[in-house]
Each structure stands twice: as structure tokens, then as C-alpha cells.
Amino acid sequence: MELWKRFDLVMFTGTYNTAILKSYISFVSRTMKHVVKILSLLVAVSAFWIALLQAAIIPRSHTWLLPIYFVVSLGCYGLLMVGIGLMQFPTCPREAVLLQHDITEAKDFLSANGVDVRSD
Amino acid sequence: MADEKENIGEKKYKYSIIIPTFNERLNIAIIVYLIFKHLRDVDFEIIVVDDGSPDGTQDIVKQLQQLYGEDRILLRARAKKLGLGTAYIHGLKYATGDFVVIMDADLSHHPKYLPSFIKKQLETNASIVTGTRYVKDGGVHGWNLMRKLTSRGANVLAQTLLWPGVSDLTGSFRLYKKCVLEDVISSCVSKGYVFQMEMIVRASRKGYQIEEVPITFVDRVFGTSKLGGSEIVEYLKGLVYLLLTT
């Protein structure tokens with residue numbers, strides 16, 4: 001049989017290897033630096049991409065462009081998150097007013113009890 | 001009184017509140033008043049770590065000690081401005097509580113949230129309770145659009161790179177178990193707000209349970225201090241440092 005025709009086998013091997021890698025990572029995650037975790041993920045994704053290239057299920061020209069698609073979508077996702085967060089940014093104008101009340105209350109109490117409340 | 005305590009079955013904890021100050025003559029008095037107002041039935045002490053303020057902050061603290069008692073307000077000053085991280089370490093030496101709260105002295109952190117920190121910790125037995133400004137019940141006042149944009153962009157970048165497990169990385173209004181703070185602070189080396197980020201990320205990596213509480217943040221000094229290019233560079237350098245060493 002020709003391996004490149006057995007898509008299911010390729011998927012199984014790729015998934016199996018990724019699963020092994022992930023359990024290894026979670027096993028030593030306490031002692032591993034975070035950057036190593038990220039690099040391991042990149043290695044796993046790259047391995048999958050190379051496997052795709054060799055299996056030639058998707059036309060090669062498309063496969064070569066996949067990393068670029070990935071980076072661009074990551075960038076777009078980031079921008080989207082920034083935009084959404086900016087629109088939903090919680091503000092609290094009431095709090096400034098409440099704070100002024102608290103300051104006045106504190107100043108009154110303190111000056112009546114012998115604490116100097118002049119600010120320079 | 002003793003019967004009441006036995007019936008409730010609760011252990012009484014003591015909280016040490018460390019406040020580093022520099023030229024906060026008026027604000028420290030207001031903060032102390034507000035802490036006493038909002039923590040009426042709580043056993044606590046306030047540790048003021050003043051870095052030799054020229055405006056007479058230490059005199060005000062001494063007046064507050066006359067009013068509230070020297071066992072409730074501790075003045076542990078230093079000769080000159082030596083930085084935030086070392087101020088916490090200095091204050092920790094004198095802390096006799098089971099828990100340590102750190103907060104800013106400029107009234108951006110309001111003591112009215114202290115009960116919610118304490119309640120959250122008692123409910124979840126968390127090692128760290130951190131205040132977050134970026135959730136629905138939280139919020140920020142006093143920032144313009146540009147400042148909000150940089151804050152949000154910085155947050156998204158840090159979340160993507162570091163997976164920290166908290167929504168507000170640079171916040172400095174936190175409650176720690178005393179032993180946890182001692183452990184985390186000994187392994188941090190950064191300065192400024194990167195120090196705050198380093199503390200929470202290292203705590204997260206060490207597996208400590210971290211809970212969040214919404215807080216509101218009123219920035220009254222924003223107009224005077226700009227977020228310039230050098231601050232952004234410092235932040236990015238801090239992110240890369242944290243990425244590689246935590």
C-alpha cells in the first residue's frame with residue numbers, strides 16, 4: 001500500500017505523537033520553563049505540518065502557505081481581542097465622586113482628632 | 001466572648017497591611033482612616049514603609065499612631081527611595097499577621113475592597129487573592145483612550161505569551177498568605193510594575209491557588225505621568241524576561 005493514500009494512518013500517527021508529547025509536557029510541567037512549553041507546542045505543530053507536506057493530501061502549494069495563514073490569523077485574533085476589550089473596558093466615573101466624599105469625611109474626622117491634613 | 005468564638009468555630013486571623021509611601025502626607029492619613037472604617041471587626045496592623053519623604057509623611061504617621069495606637073500602625077521607615085520590591089521585603093520583616101495585604105498609598109486602591117479580599121480568601125482558602133480592574137464589576141477611572149488602548153494591548157500580549165491565569169497582571173492590590181509572599185518575593189528580581197507581574201506569574205507557576213476580586217481604580221496621577229516609549233520598551237523587555245525565566 002502507499003502510505004500517502006492512507007490519510008487515516010497519517011492522522012493517527014500524528015495524533016498519537018502529539019498525545020505522547022502533551023502527556024510528557026504535563027508530566028514535567030512543574031519544572032519546565034514556560035518558553036519550553038511554547039516551543040514544544042510549535043515543534044508539535046511543525047511536525048504535523050511536515051507530515052501534511054509529505055502526505056500531499058492537500059496540494060503542496062496550499063500546504064506551504066499554511067504557516068503564513070496561521071500567523072496572520074493569530075495577528076487578526078490579537079487585534080480582535082484588543083478591539084473587543086477596548087469597547088468593553090469597564091469604567092467607573094461614580095467611584096471618583098465617592099472617593100471625593102470619602103476624602104472629605106476623612107479630613108473632617110482627622111482634623112477634629114489632632115491629625116494635620118494640610119497637603120503640600 | 002469566648003463562647004461566641006467557639007460556637008462560630010472560626011479561627012481569628014490577623015492581617016498585616018503593608019503600604020510603601022513616598023510623599024503621601026495627606027493620602028496616608030486618609031487611607032488609614034478608611035482602613036479603620038472598613039475593617040471594624042478585623043484584627044489587623046498597618047505597616048507604613050516610608051522612604052525618607054521630604055514632605056513630612058512620617059510626622060503624619062506619628063500623629064496617626066497617637067490617634068489609633070502604636071500597635072495598630074507601625075512606622076518602619078528607610079533612609080531614602082529604595083524601590084518597591086525592597087519596601088515589601090522590609091515591611092514583611094515586621095509583619096506579625098497570618099496574611100499580608102499590599103496596596104498603593106495614592107488612594108487608587110480603596111480600602112473598601114479589603115473585606116471582599118478577606119471574604120474571598122476565607123471562602124476559597126486561596127494562597128493569593130488579587131484585585132482585578134478589568135472585569136465587569138471592576139473598572140478604571142481617569143484614563144484616556146490612548147492609555148486604555150495600551151493597557152488592553154499589553155494585557156492581550158501578556159495573556160498570549162505567558163498564560164498567567166489572572167486577568168490583571170500589573171495590579172498591585174493583593175492579599176497573600178504570609179508564607180506564600182515570603183516564598184514568591186525571594187525569587188523575584190524585577191523592578192517597578194514588571195515586579196508585580198513577576199510575582200503573580202511566579203506564584204502561578206509554583207502552583208499556588210490564585211483567586212480574583214473586582215476592584216475599581218481611580219487614577220488621580222495619570223495626567224502628571226505619561227506612558228512614554230521607554231515605558232513600553234521596559235514592559236516588552238519584562239515580558240521577554242518572564243517568558244524565558246518562568
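Me: In this predicted model, which elements of chain B have the lowest and the highest mean pLDDT?

Reply: Among the elements of chain B, helix α1 (residues 2–8) has the lowest mean pLDDT, 47, and strand β4 (residues 99–102) has the highest, 96. Over residues 3–9 of chain B the pLDDT is below 50, and this stretch has two contacts in the model beyond near neighbours in sequence. For chain B as a whole, the mean pLDDT is 88, with 93% of residues at 70 or more.

Me: What ipTM and pTM does the predictor give the complex?

Reply: The predictor gives an ipTM of 0.84 and a pTM of 0.83.

Me: How should one read the size of an interface, and what is the area buried between chain A and chain B?

Reply: Interface size is often expressed as the accessible area that is lost when the parts come together. Between chain A and chain B, about 3,500 Å² is buried, and carbon and sulfur atoms give 70% of that area. Of the area that chain A buries against chain B, A:H34, A:F89 and A:L99 supply 18%, more than any other three residues. In terms of contacts, 35 residues of chain A meet 46 residues of chain B.

Me: How many salt bridges and polar contacts does the rule find across the interface of chain A and chain B?

Reply: The rule finds four salt bridges across this interface, and 13 residue pairs in polar contact, with both residues at pLDDT 80 or more. On the side of chain A that touches chain B, α2 (34–55), α3 (60–87) and α4 (93–112) of chain A each supply at least two residues. The largest share, 13 residues, comes from α4(A). By residue class, this side of chain A divides into 18 nonpolar, eight polar and nine charged residues.

Me: Where do B:K37 and A:D102 lie, and why does the pair join two chains?

Reply: A salt bridge is read from the distance between a side-chain nitrogen of Lys or Arg and a carboxyl oxygen of Asp or Glu, with a cut-off of 4 Å. For B:K37 and A:D102 the closest N and O atoms are 3.9 Å apart. B:K37 belongs to helix α2 (residues 25–38) of chain B and A:D102 to helix α4 of chain A, so the pair joins two chains. B:K37 is partly exposed at 27% relative accessibility, whereas A:D102 is buried at 11%. A network of salt bridges links A:D102, A:E105 and B:K37.

Me: Which residue meets B:R25 in a salt bridge?

Reply: The side chain of B:R25 meets that of A:D116 at 2.7 Å, N to O. B:R25 lies in helix α2 of chain B and A:D116 in the segment after α4 of chain A, so this pair also joins two chains. B:R25 is buried, with a relative accessible area of 10%, and A:D116 is partly exposed at 22%. Another salt bridge, also at 2.7 Å from N to O, is formed by the side chains of B:K112 and A:E95.

Me: Is B:H109 buried or exposed?

Reply: The reading rests on relative accessible area, where under 20% counts as buried. B:H109 has 2% and is therefore buried. B:H109 sits in the loop between β4 and α5 (114–124) of chain B, and its side chain reaches the backbone nitrogen of B:D104 at 3.0 Å. Residues that B:H109 touches, beyond those up to four places away in sequence, include B:S172, B:F173 and B:I215.

Key:
Residues numbered from 1 in each chain as written. Chains lettered and ligands numbered in written order. Heavy atoms only, no water. pLDDT = per-residue confidence, 0-100. Helix = DSSP H or I, 4+ residues; strand = E, 2+ residues; numbered from the N terminus. Contact = heavy atoms within 4.5 Å. Buried area = accessible area lost by both parts, 1.4 Å probe. Polar contact = N/O pair within 3.5 Å; in protein donor to acceptor, adjacent residues only side chain to side chain. Nonpolar A, V, L, I, M, F, W, Y, C, P; charged D, E, K, R; others polar. Buried < 20%, exposed > 50% of the residue type's maximum accessible area, 1.4 Å probe, protein only.
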